[in-house]
Amino acid sequence: SNTEKELAEQQHLDLNDRTMTTLDYPIILKALAKECETVPARTLVLRNAFPQKETEEEEARRLKRKKSKGKKKMSGGDADDDIETMGLTASSVTGVQCRYNAISEMKRLVSTNVYGHLPPPRKSQENYKNPKKGKQIKIGLPPILGTSFDLQSIFDLIDDGRVLEGPEILEIATTLEKMMEVVRWNNLLRTVGKDDDEEKFVEIPKLCKSIYIEPDLLHLLSNAFDNEGRLSATTFPAIGRLRAQIRSYKASIMTKLETIIASPSMKNKLALESGGPIFSEVNGGRIVIPVQDAYKNSGVGIMHDVSRSGKTVFVEPTEIVGPTNEMKQVEVELRQEEAKVWRQLTEEVIKHRDDIERSVSSIVQIDLVLARMRLGDLLNGVIPVVKDEGVMSVREAKHPVLVLRELEDIVGNDIDLGDNGNQGLVLTGPNSGGKTVILKLMGLFAYMTRDGIPLPAAPACTSITVDEETGDEIMEEVVPRVDYFDPVLADIGDIQSVDGDLSTFSGHMLVCREVLANSKKNALVLMDELGSGTDPAQGVAIAQALLEALLERGTRVAITTHYMELKQLAASDDRFEVGGMQFVGGRPTYKLLPGTVGESYALAVAERLNLPQSVIQRANELLDSETRQMGDLIRDLEDQKALVDAQALELEQKKKDMARLEIEMQAQREKLEAKQLSARRDEARKFAAKLEEKENILEDILQRLKSDPSKKLLARSWDDIRFVRRDALNEAENVPSVMKRLQKSAAAAAKVELVPLSELREKPDLKVGDTLVICKKGAFRGKEGIINQLGSNKIQLSVSGVPVQMKMNEIALPASAVQGENGNNDGGKRQRNADGSPEMSKIARKAMAEAESMGETRINEGSSATSGGKEVDVGRLDRNTVDVRGCNLEEAKRKCQDKFSSVMMSKRPVIYILHGHGTSGVLKQKIRDWLKRDREWVKSYKAASREDGGDAFTRVELKKIKF
């Protein structure tokens, strides 16, 4: 109608405020304000939550302040470039990113131990070119707790032309001192990562850099007050002098009063029956005494007051009137001097007001970082990726207002808008199914992102998808992303309440007009039941035309609808995606199913709300067949999709189980490989120990050659070396890993090695009829033969009836003759003594017998061969010699005792001490005197033999340890 048209034209609609209220965003901001520590930060947040029109007084102050500041340099139009103009809401994508990065840095301070470095003392900086770092200090949260930082009310007094006094100046001084603590905290923060690879802090120091306090101002205000909160007499000497005069006057007055009261003539006049104090102050500090009413005109002094009973008058004695007047004059001078100081301090504050206000603005932003972090923890929020491309892609997104209410089982939903050419999202489904909740959630996420608040959604994760063409699995990282949307405009709910003469449809059209007027690229428009409230056909046409107009501008749009024509937009226009709210068992699950068209389920909802069954049945009959068939088809498709989704979840779970099993198998493989490596190391250690035994035997042979280098002994020693070589080879082949390889390459019959008779340490006692095996390469190798005739160097065998002449190195004992108890081939290895040591061969025993007959037997050092329990000294070696040349006696004793201890533990009881001859042989003699007295270590000692170094060495035989 014309009336509605006129009303609509006159109607003023603040769509931004209405959108915030409609989306319940003030609830989020109130929660944020609750987390703020400082009054200015809390005030800033609440002003964003509940915008109020500026009063005339506030406007006048603002204009006056603007004029006093003068024209400021333009900062490129970005409010975030200046700390004073930086607000709660970011003005650009960069501003949002900085806010989120600051939260990450603050969380780092909370969750990890971050250390900064105090600057080193000045002396160390002067004395060293590269001074060390100063003392390391753990950096915690910014020190703003316990201070309000609320100076605006004080600045309002200045704007009104008033002079600041004690409480105001003290508040400013306290605030400035707290700001300096924040500056010191920031200085520590800036040292992190300066000299090492630790990640630096960037955003928080950037916020703190605007904090500047003039040192002279801070010094003046910090020293302006004494411990009692009065102006300091030290800082302001004139005030101290006047206070001293007042104290002097008061002391003189009190002395005179005590003299007056003590005089006999005055004692009878005093009124002391009431029990009150003798001295009291009236009329601004004049001191009076209680006098009986009968003596008020007796010339005692000036009467100032009367008691309630009228029996007592309070008189100022005449003697103190003059001094009191003089004291009052000094008090006036003191107040004038204090007023002068207050004006001076106020002028200093005004002079540095800009710096103070900028510093407070920095504190506000730091407090907001803390508040955002804490609110994000309450919401279990994540920090999204933010760009300027109009994309919203989140997983398991939860309505933040519901999270703050601590409701249980809040359903998370996946939302995708603006990606892959998708500019519009059409939400379908039943009433009370959660469509409007999704709309509000999208709007709240856009607002929260602009204000730098973490979002209640799933964190970044890895998603596995299957390529439909190749069937290959594709792994991609899914990160929460909400771009910078500006503006955010919503039409949710009825606007009839704005003016009773506007219909519902007219109200919606008024909102649509404002939306079109304010929308632009990367704006976010949210519209509930678009096109409703009028003829369905015309409503659909207007709705579709409006959507197309918005998309042409690059706006991102999300709507809810029950109109089938709008539901089908996704099929006809690639710019739209459709999503349906899940409805199971006649009840909503509040789960958004992307890519599905949700049935309105009007009849099911009516039945759930207990509408009479007859009405529901009649309504079902009135539906045309096409609508009924379409509803049944949609329900069948939703059932099929639910089945596919369940199968997909089951398949996904199986994939996770397979991945877990694969990880467990890998862990088992690594564990087995570790065991195999440990076993190989054990084998190597055992083999090394056996090789050490062979080394000891070789040392024994070398020592005998050294003492008797005759050709005959050389030949015998060479024979022993051949046997040691054979034993070492057998030991190597008996290592399990080596044996395993040999078993794979050798035939089962060749497991026992054929050792020629010439290489056997113990020559067997052969006789005619014994069986031997041919080990000579050729056709007869491995065949057994019977001894027919024994010779000195050759033996005649009968092999399969054929006589064969063989040398001693061409025949061997059969396997049964050399098999040990455990079934392993001994390979000619030496037998062992009862103590486990290798038994000496006949040749070795013969050589030992010859050596004993020549008197050359020595005490075994521990590395000799043994025979019959006797031990043979191997002589002086590097490992059994301790060098004490250049030492005094005590040092030589310590070195010797250390060597004695190590040798006795290794069972080698002979040590050679190298002391040399010296200029006069003093050290040699002192050492031998000590050895003579020792009863703990030494069994005997003597000068070393000529072949072991002679008198420059002392040979010490140690006592054996009995276990």
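Me: What makes helix α3 (residues 25-34) roughly antiparallel to helix α4 (residues 39-49)?
Reply: Happy to unpack that! Their axes come within 9 Å and cross at roughly 175°. Angles run from 0 to 180 degrees between N-to-C directions, with axes fitted to C-alpha atoms, for helices over the stretch in contact. Over 145 degrees counts as roughly antiparallel, so α3 is roughly antiparallel to α4. This is a predicted model, where local features need pLDDT of at least 70, side-chain atom pairs count only at pLDDT 80 or more, and totals for chains, interfaces and linings use all residues. Residues are numbered from 1 along each chain as its sequence is written, and side-chain values use heavy atoms, leaving out hydrogens and water.

Me: Which residues of α3 meet α4?
Reply: P26, L29, K30, L32 and A33 in α3 meet R42, V45, L46, N48 and A49 in α4, where contact means heavy atoms within 4.5 Å.

Me: How do you know that the span of α12 (residues 237-262) is close to the expected one?
Reply: The expected span is 1.5 Å times one less than the number of residues. With 26 residues, that gives 38 Å for α12, and the helix reaches 38 Å from its first C-alpha to its last.

Me: Why are β25 (881-883) and β27 (938-943) called edge strands?
Reply: Each pairs on one side only, and two strands pair if DSSP finds at least two bridges between them. The open sheet has the order β25-β26-β28-β27, with mixed pairing. Three bridges join β25 to β26 (residues 910-914), and these two strands run parallel. V882 stands opposite I913 in β26.

Definitions and conventions: Helix = DSSP H or I, 4+ residues; strand = E, 2+ residues; numbered from the N terminus. Parallel < 35°, antiparallel > 145°, perpendicular 65-115°, else oblique.
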